[in-house]
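Please open the structure in your viewer and keep the selection panel at hand. The stops below each begin with something to select and then say what is there.

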Amino acid sequence: MNEHWENCLLQSWGIKTQLTKLAGEFDLNFKAETADGCRFLLKVMRAGCDVGLVEMQCQALQHIHASSQLVNVPSVIPSTAERNFETLVDEAGKVRLVWVLSFLEGVDYAGFTPKSPHLISQLGTSIANLHLALEGFQHKSLQRDFKWNLTQAAWINDSLTFITDPQRRELLRSVMMDYQDQLDIIRALPLFATHNDINDYNLLVSASLNEEPKISGIVDFGDMCSSPRICDLAIAGAYIVLDHTQPEQALSSLVAAYHAVLPLDGDEIDLIYPLLRSRLAVSVVNSTIEALDKPDDPYVIISQGPAWRFLESSSIVHSLVTARLRVACGLPVTKSAARVGRYLSQEVRGNCAAIIGMALDKAPCHSLSVEGCSVPQNPFELTSLEALTLGDATAAASDISLGYYNEPRLIYTNNAFRLNPWKASNRRTVHLGVDVFAPTGTKICAPLDGVIKVIENRLEPLDYGGMVIIKHMTPHGDRFYSLYGHLDPAVCQSLHQGQKLKAGEVFAVLGTPQQNGGWAPHLHLQLAMGIEGLGADWPGVADPDERDFWNALCPNPAALLNLPDEKIGYVSLNESVILQQRQNDFGANLKLSYSKPVMLLRGWRHYLFDQWGRPYLDAYNNVPHIGHANPRLQARISEQLKRLNTNTRYLHPAQSALASKLTSKMPEQLSVCFFVNSGSEANELALRLARAVTGGKHMVTLDHGYHGNTTGAIDISAYKFNAPGGVGKPDWVWLMDIPDVYGGKFRQPETDCAHLYSQQVDDAINGITQVGGKLAGFIAETFPSVGGQVIPPKGYLQSVYRKIRAAGGLCIADEVQTGLGRLGEYYFAFQQQEVLPDIVVLGKPIGNGHPIGVVVTTRAIADSFAEGPEFFSTFGGSTLSCVVAKEVLDIVDDEALQANALLVGKQALEGLTMLKEKHEVIGDVRGMGLFIGVDFVTHQSHRKPATDVATYVVNRLRDYRIFAGLEGPNNNVLKIRPPLTIEADDVVILLETLDLILSETAITRLTQNINT
Ligand SMILES: Cc1ncc(COP(=O)(O)O)c(C=O)c1O
């Protein structure tokens, strides 16, 4: 068959190509490729196809090209006879209409991941641009009566009998009733030429590692017809929402982006959801009917799955979707919201009855925000004592105090607030009401006339206890609602639904903590512009990513308290101002992580929180060795600061307590400590010790190593002196290659890597002799970290140390990254290499964020150094630093964190190794305990570093709220180096997320391209 159409193409279009058949239900579609790589789409229409339909499509595509550059659709390639299509005969002798289009590159939207809000917004923009480009296009074939014309969807009413499941039939009936309700409005809308089938197989997406994905084409105009534009948008929406993890948000992104180009009014927006559901109803009815003709094709039924799942989903509330779409487009959340807002501001504020019987303008406000308070200490578990004492900060000054509206808080710690099951998943944090802290028994009055709508007693801990919702009416007849939580549950007996209340009438009293969910006595007051869809189940706090919508539906209730909005509206930190200040205050080489920086305000164990309370899994930071905000350490620090913090010139037991603890973890020869302030200072001191003892100056070290930011430390840090703008290698420093047996100069399994890498010491020592220098020693991160999380081959350091010592040098182990139990099996990395360093350098994790560095050495070396001038570091070894470091080491032991590193690290390494089996871009998984590297390559077969893959992965991890880093000379090694508190569940999420990311189209396309 291909040959026949290849000949036709050559004869009628003069193009010599090779054809590949593509999918197509009724017509034949071929990819046609010339020898020099030009691609076309050959379309052979079914026998008997209406000429008008082909003509319409060709003219529409030409019209679009002539009127807009902003939307990508195929071009019609005319035949040599200058016709848009030809009438040719197939091998069976049947007449076929044949036409040729340019071939658009891209991946089907259906198979593309991730379907991000950004990509969906792009689609909204593209559809609007398509509509603009099609403006004025006319063709008689657009006036089609056919099943896919959404203004004619009512045909399915007569076919609902094909749906055998009675519940599903009823569901479709209700969808069609909603549709029918809107039909007059739909039919009154102006008609345009529309694509009418923007489904996920008719959209192409460009996939790239380095750029945001783009809609690279809209294809298949075969269902074009004349219809209201909103139908076209709703059809696209019907496919966007299917199996999307956040369908409402996805639809909002689509509609808002469309609206930004071609503004919609509120009535049109209100049509989108009913139209979308009717399109899905048409689709499932149609395929059910088709299945009757294809009883052996299970795919016809399977393909209905996503549509049924969406239609049957109970979590999507129609009125809320529509309200969301309105807000996403910048319109009032309900038809009456703007009027109600004006009424509240202009007529209610200042004139309503005092809810607790007194003016609140002088009441102090106190912050429960992520930034403004430290409650709860554990952001995953508010204690009952913390809940009970929430208002205490201001209670001393006043009986009455207020808590802010729109304030992000970490106090909502129940599972019910989490949006996903795992601990650090997004959760609802933003307070949608105002708190009025007042004594139990305080009388609560209705601020305005109203009717009781809901009365409940919510018994769960940390819920509302007694709760009342009142319906109000503006003089213009618009409804709005107010909610009162944490009441004495006696309201359940004293009030009844439908009861009228007068402004100022007392209807409840504040409950006790036993009655109000366990909280300090207070009123939660919340306002809502509409409760259709919400019922009694108003969320009192919202997901920060949904704030715009919830703020519109439940605005600041200040007017009901006769207060200005500003008094009780939370003012968030302005991240762009803080960024600007940082740029003004600091040098440009003070780097921030991520192109869109993240601002973090709270930490807990291996989690971090931004100002809106969004949690992040910290798989990156090793400084908080025992976890962020460790409460035992907090208490110890605060206790010590109350007593004394001075220097090492005075006797204090804390100094020796730390030294003894530390040396108890070392081989007995390493028995003398020096306390300094940082890893850099510790390395400086190590250099001085080596030079003092040997009288030499020259140092041998590893390429791409890092030892700190001071002058001497930079001199031995190739990672810095060889970086762009670096000062270059000093003549007294001699570099050896990183002993990376995967991607380095000598690789396993081919060679004896330990021998070959360690032999490089000989060259260095010869070099020193040749320049007449003297060796001081060798310094290396025992496992190179910035060098790419490298584990040197066994025997490597033994050989290096032997050679260095034979040449009269000392051996320094920089254990800043690897020490103190991180490796699980070993407390220090030098133990794994079975060597005994002369000097060990420790830093960062030992203070868990408090500045302290330590040098540990032998008595002989310390004595030799003591022959020089006095050693003193003002803050090094301060009482507080010693207390902190000792406590950190104790906590590592007491909380069995080294054992945890072993266990969880093993789980991570095994999981990553399994991912390596699945994903070609993972070249190597290496590490020990919680010191882990994942080496990304373009393909496992050739170990070529894939920096852009690694960059993509680390940025996508951040999108999923997981922090990790990049290392290695090619920046292609994912560094996983979390606090030692990380748990098995976190590793599961990390692995699942990595698997998802590595399955994303930008990456899978890369490996496919290499394979083909
Ligand atoms: C291996 C190593 N040594 C030394 C240092 C320097 O420590 P500090 O930043 O505390 O001066 C670092 C810091 O990252 C390091 O990773």
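## First stop: an open sheet

In this predicted model, begin by selecting the open sheet of 8 strands, whose order is β11-β12-β14-β21-β18-β17-β16-β19 and whose pairing is mixed. The edges are held by β11 (365-366) and β19 (500-501), each of which has a single partner strand, so one side of each is left without a neighbour in the sheet. To look at one of these edges, select strand β16 (residues 450-458) together with β19: the two run antiparallel and are joined by 2 bridges. Within this pairing, V451 is the residue that stands opposite K500 in β19.

From the other edge strand, move on to Q377, which is found in the loop between β11 and α12 (384-388). Is Q377 buried, partly exposed or exposed? Its relative accessibility is 32%, and Q377 therefore counts as partly exposed. If you draw a distance from the C-alpha atom of Q377 to that of A946, the viewer should span 42 Å between two residues that are 569 residues apart along the chain.

## Second stop: aromatic pairs

Next, select the aromatic side chains, among which the count comes to 19 aromatic pairs. Y570 and W612 form one of them, an edge-to-face pair with 5.8 Å centre to centre and 80 degrees between the planes. This pair links distant parts of the chain, since Y570 lies in the loop between α16 (565-568) and α17 (575-585) and W612 in the loop between β24 (607-610) and β25 (615-618), 42 residues apart. Both Y570 and W612 are buried.

Now select F783 and F931, whose ring centres are 6.0 Å apart and whose planes stand at 55 degrees, so the pair is tilted. Here too the pair links distant parts of the chain: F783 belongs to the loop between β29 (775-781) and α24 (796-806), while F931 belongs to strand β34 (residues 931-936), 148 residues away. F783 is buried at a relative accessible area of 1%, and F931 is buried at 0%. Before leaving the rings, select F380, Y607 and F609, which form one aromatic cluster.

## Third stop: strand β31 and its partners

Select strand β31 (residues 839-842), which is covered on both faces, with I839 and V841 buried on one side and V840 and L842 buried on the other. Strand β30 (residues 810-814) pairs with β31 in the parallel sense over 3 bridges, whereas strand β32 (residues 853-858) runs antiparallel to β31 and is joined to it by 4 bridges. V840 is a convenient residue to centre on: A813 stands opposite V840, and in β32 the bridge partner of V840 is V856.

Then select D838, in the loop between α25 (829-832) and β31. With a relative accessible area of 13%, D838 is buried, and its side chain reaches the backbone nitrogen of C811 at 2.7 Å.

## Fourth stop: the ligand

Which residues are around the ligand? Selecting the ligand and its surroundings should bring up S678, G679, S680, N683, Y706, H707, G708, E781, D814, V816, Q817 and K844. By type, the residues of this shell divide into 2 nonpolar, 7 polar and 3 charged. Helix α20 (residues 679-694) supplies the largest share of the shell, 3 residues.

Three distances are worth displaying here. The side chain of S680 has an N or O atom 2.4 Å from an oxygen atom of the ligand, the side chain of K844 has an N or O atom 2.7 Å from an oxygen atom of the ligand, and a polar side-chain atom of D814 lies 2.7 Å from a nitrogen atom of the ligand. On its own the ligand has 390 Å² of accessible area, of which the protein covers 86%.

## Last stop: the loop before α20

Finally, select N677, which lies in the loop between β26 (670-676) and α20. N677 is partly exposed, its relative accessible area being 21%, where under 20% would count as buried. The C-alpha atom of N677 is separated by 18 Å from that of I812, a residue 135 residues apart from N677 along the chain.

Methods: Residues are numbered from 1 along each chain as its sequence is written. This is a predicted model: local features need pLDDT of at least 70, side-chain atom pairs count only at pLDDT 80 or more; totals for chains, interfaces and linings use all residues. Side-chain values use heavy atoms; hydrogens and water are left out. A residue is near a molecule or strand if one of its heavy atoms lies within 4 Å of it. A polar contact is a pair of N or O atoms within 3.5 Å; within protein, one must be able to donate a hydrogen and the other to accept it, and residues adjacent in sequence count only if both atoms are side-chain atoms. Accessible areas come from the Shrake-Rupley method with a 1.4 Å probe; for residues, only the protein chains shown count as cover. Ala, Val, Leu, Ile, Met, Phe, Trp, Tyr, Cys and Pro count as nonpolar, Asp, Glu, Lys and Arg as charged, and the others, Gly among them, as polar. Buried means under 20% relative accessible area, exposed over 50%, partly exposed in between (1.4 Å probe, protein chains only). Two strands pair if DSSP finds at least two bridges between them. Rings of Phe, Tyr and Trp (its six-membered ring) pair if their centres lie within 6.5 Å; planes under 30 degrees apart count as stacked, over 60 as edge-to-face and the rest as tilted.
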